[in-house]
Amino acid sequence: MTHKIVPAALLSLVAAVLAVVVLPAAASARPASTRPGKLHLQTVPPLGGVVVKVDGQVARSDAKGRIQVRVRDFVDLEKRLVVPETLISPDRKVVFDRFRGNVDAGGRGKVVELGLRTSRLVSWSFIDRFGRAVPPDRVTAMRLRSNTGEIHDLSGPELAQPRWVAESRTQQGPQGLASKQLYYVVDSAMVDGTSVVNRAGQKFVPWEQQAWVVQLLFFRVSFTATDMFFTRQVGDGIELTRADGDVERLPFGRDGTALVPDLPRGTYTITVFGGGVSFGRPVSISKDQVVSLTVISGADLALVTLAVLVVAVGLVLLGRPHLLTRLRRAGTAGKRARPRPRPKHRRRLPTRRAFNRPPHAPADEDRQPAAVGGGIALLLLVAALAGALLPAGAARADVGHRRADPSSATAPVPVLAYYYIWFNPTSWNRAKIDYPLLGRYSSDDVEIMRRHVRMAKSAGINGFLVSWKHTPQLDERLAKLVEVAREENFHLGIVYQGLDFARTPLAFDTVRTDLSFFATRYATDPVFDIFGRPVVVWTGSDRFTPAQIQTTVGGVRGKLLVLGNAKSLEDVESSQGVLDGQAYYWSSVDPVAGASGRKLAEMSRAVHQRGGLWIAPVTPGFDARLVGGKREVPRREGDTLRASFAAARLSQPDAIGLISWNEFSENTHIEPSERFGAADINVLADLLGVRVDVDVPVDSSEPGGPHRGLSAWGALLVTGAAVVLLPLGVLLQRRRSPTAARRGRPTGADPPGGPTDL
């Protein structure tokens, strides 16, 4: 019996040992995600007060954005974890965006990133150019646009109330989640029907600033009115018609002026009331100025009418000498005591010419002077109407009006300006010492493109060489520019950027793919038809051998004219036969101090020897020291541009390549700017045989376009011509008609014409 008890005890002991050893091991074999644990979270961006809820537990992040919360397990934790929208401060709230990391691993101490989108409560106020407050109720509407495309259209009471706007969002980066701060630009602020901000010219970052101050463009404008001929002040005041159609009457003060200290930037129609006749004149206000208006007074109208009458009567008398003879005879008869009796034995006989015409028909001597007088009167009236109906010079929407200069000839070759579509509102914050007068624009803005094209055309530029490579953003911008160019009858070429930001050449396959895309889409588009086929300048081509160039672009040369950007005679000669020509981008040259002409001439000869296309560079100056440049080429008030243009022309180019329209980092731009104004575009226009009066361009949101109508001079001429010439023409027509001749002459009387004494 004892022997049986011992084995039973041993079995119980073994079972107890197994229960202690084996069962925990089996329990430990369960997945960690099924066991309770602590979840570690890190908010992105790191913000305190962020709330998370899971399994009935509520936790908040600390000041560094760290959260720890106990959970019963990690299975399907993402479905149980709730991040509610939370107001973490009076002006900031957060909402869940995304996770990065496996929350199932939270039980092993790993940190899971919790991405958040934040919103900020912002407000704004308005000031003028001098920092004076502008009442919010004066602004009727405002549009805000974020860099992600979010639009806020505000009007009425909304303009005086704070507003929640998106402040940040998260995005996936190589090191994890990253918070991207958003910014907003002011697209428009409407006052009296016109926008008084430069589009995208003011930027606000909600993360940094919650009280936005929007500057509005109001200008100090004085209006005066003078008599057309007698230069005296006339009129009682002006009627100012605003863009929204409202009309305001402003009386003249004692000094004869009507002052508006805060007139919104825009185009207005101005009419003078009192003192004579005034026609509505469109006036574009984009700076502080004095606007002088012309009034046609009664004295002006009488003077012009008298002058036209004298000229008309003089022309009639010169065309009909017999009238002068009758006038002289009448004067002589008045001086005599008795009229001399006519001899009875003599009678008047018609001349031979009178026998050859039909009875009662006016003689040629009568008909021709009347016709001459009527024709001259008609020509004068037509000339007056043509002069009056020309576009009024007072309304210039873009760069003013273009006047032909007869002393200069137009350029015999196309002028193509290098044009850049890289600009975003943030681009102007880096390496800039000058800014465009159109504001710190974005290259997405179609109206900016349109104004650029119109300004360039008015200065004699035939097209843009557009800097481009195949990216979604640049493809979209190029497509917009193509549509604008088509509407404006303007031409485009392409500068293919074959170098990256570090000046490293792009891969051959990338270049081949990009150029094939461009050829497929635009090879037959008339906008690119400058030399029969689209011109493509390949920057970086000088880094490759002829064999590599041929392999890369050989497939598109039948559809495109592919030019290189060789910088030396040796590079030109080495690439002959595999490219269609060269466009030398030589922006840092000093044509005044150096001998640039000889180098350009040598390169031109080398290109033309093989039948290639040569685009010679022209530049107004250069300063790229903020982007790594070592030198500055001063503009010398246009002398640098003149010397560069002369050197380029002497190289017998097929086209002039103007460097540049809007390269503001290297300061080669001729686009009207804050620092240089419109000086260089005027110099270029003179060199090309046109003259351009460039005003400060109005903003892209400002409605533009030429205004047509009667100027004061035109109206005066038309009125005077109508008063005198039309009745005179009718009178002459009646006098030379057969009916009038019979009615005005008794039967048997001599026909008109000089008598012949026999």
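Which glycine follows α14, and is its phi positive or negative? The legends below take up that question and then move on to other close-ups of this predicted model.

**View 1. Helix α14 and the glycine that follows.** The residue after the helix in question is glycine 689, and its phi is positive, near 90 degrees. Helix α14 itself covers residues 679-687, and its buried residues are Asp680, Ile681, Val683, Leu684 and Ala685. If you are looking at this part of the chain, start from those five side chains and then follow the backbone to glycine 689, which comes after α14.

**View 2. The whole chain, for orientation.** Before going further into the close-ups, here is the setting: the chain holds 16 helices and 37 strands. Of its 758 residues, 44% are buried. Contacts between residues at least 6 apart in sequence are often long-range ones, since 69% of them join residues at least 24 apart. The chain exposes about 38000 Å², and carbon and sulfur atoms supply 55% of that area.

**View 3. Strands β7, β11 and β12 side by side.** Strand β11 (residues 163-173) has two pairings to look for here. With strand β7 (residues 111-127), β11 pairs in the antiparallel sense over five bridges. A handy landmark is threonine 118, whose bridge partner in β11 is serine 168. With strand β12 (residues 176-181), β11 again pairs in the antiparallel sense, this time over six bridges. Here the landmark is glycine 173, whose bridge partner in β12 is glycine 176. The link from β11 to β12 is a hairpin through two residues. When you trace side chains along these strands, a general rule helps: in a regular strand they alternate between the two faces of the sheet.

**View 4. A three-stranded open sheet.** The strand order is β20-β17-β23, and the pairing is mixed. Which strands stand at the edges? They are β20 (257-264) and β23, and because each has a single partner strand, one side of each is left without a neighbour in the sheet. From one strand to the next, the twist averages 25 degrees. Strand β17 (residues 218-227) and β20 run antiparallel and are joined by six bridges. To find your place in that pairing, look for serine 222, which stands opposite leucine 259 in β20.

**View 5. A salt bridge between two loops.** A search of the whole structure finds 34 salt bridges, and this view shows one of them, between the side chains of aspartate 288 and arginine 129 (2.7 Å, N to O). Aspartate 288 sits in the loop between β22 (281-285) and β23 (289-295), while arginine 129 sits in the loop between β7 and β8 (133-134), so the pair ties together parts that are 159 residues apart in sequence. Both partners are partly exposed: aspartate 288 has 38% relative accessibility, and arginine 129 has 28%.

**View 6. A salt bridge between strands β9 and β10.** Here the side chains of arginine 143 and aspartate 153 meet in a salt bridge (2.7 Å, N to O). Arginine 143 belongs to strand β9 (residues 141-146) and aspartate 153 to strand β10 (residues 151-155), so this pair ties together parts that are 10 residues apart in sequence. Arginine 143 is partly exposed, at 34% relative accessible area, and aspartate 153 is partly exposed too, at 44%.

**View 7. A salt-bridge network involving helices α7 and α8.** Arginine 450 forms a salt bridge with glutamate 487, and their closest N and O atoms are 2.7 Å apart. The pair links distant parts of the chain, with arginine 450 in helix α7 (residues 446-458) and glutamate 487 in helix α8 (residues 472-488), 37 residues apart. Is each partner buried or exposed? Arginine 450 counts as buried because its relative accessibility is 14%, under the 20% cut-off, whereas glutamate 487 is exposed at 53%. The two residues also belong to a network of salt bridges that links Glu447, Arg450, Arg454, Glu487 and Glu488.

**View 8. A nonpolar patch on the surface.** Leu306, Leu309, Val310 and Val313 form this patch, with about 340 Å² of accessible area together. One of them, leucine 309, lies in helix α3 (residues 298-319). Leucine 309 is partly exposed, with a relative accessible area of 41%.

Note on methods
Residues numbered from 1 in each chain as written. Predicted model: local features only at pLDDT ≥ 70, side-chain atom pairs only at ≥ 80, totals over all residues. Heavy atoms only, no water. Buried < 20%, exposed > 50% of the residue type's maximum accessible area, 1.4 Å probe, protein only. Helix = DSSP H or I, 4+ residues; strand = E, 2+ residues; numbered from the N terminus. Pairing = 2+ DSSP bridges. Salt bridge = Lys/Arg side-chain N within 4 Å of Asp/Glu carboxyl O. Axes fitted to C-alpha atoms, helices over the stretch in contact; angles between N-to-C directions. Contact = heavy atoms within 4.5 Å. Areas by Shrake-Rupley, 256 points an atom, 1.4 Å probe, with all protein chains shown as cover. Patch = residues over 30% accessible without salt bridge, like charges linked within 9 Å, V, L, I, M, F, W, Y side chains within 5 Å.
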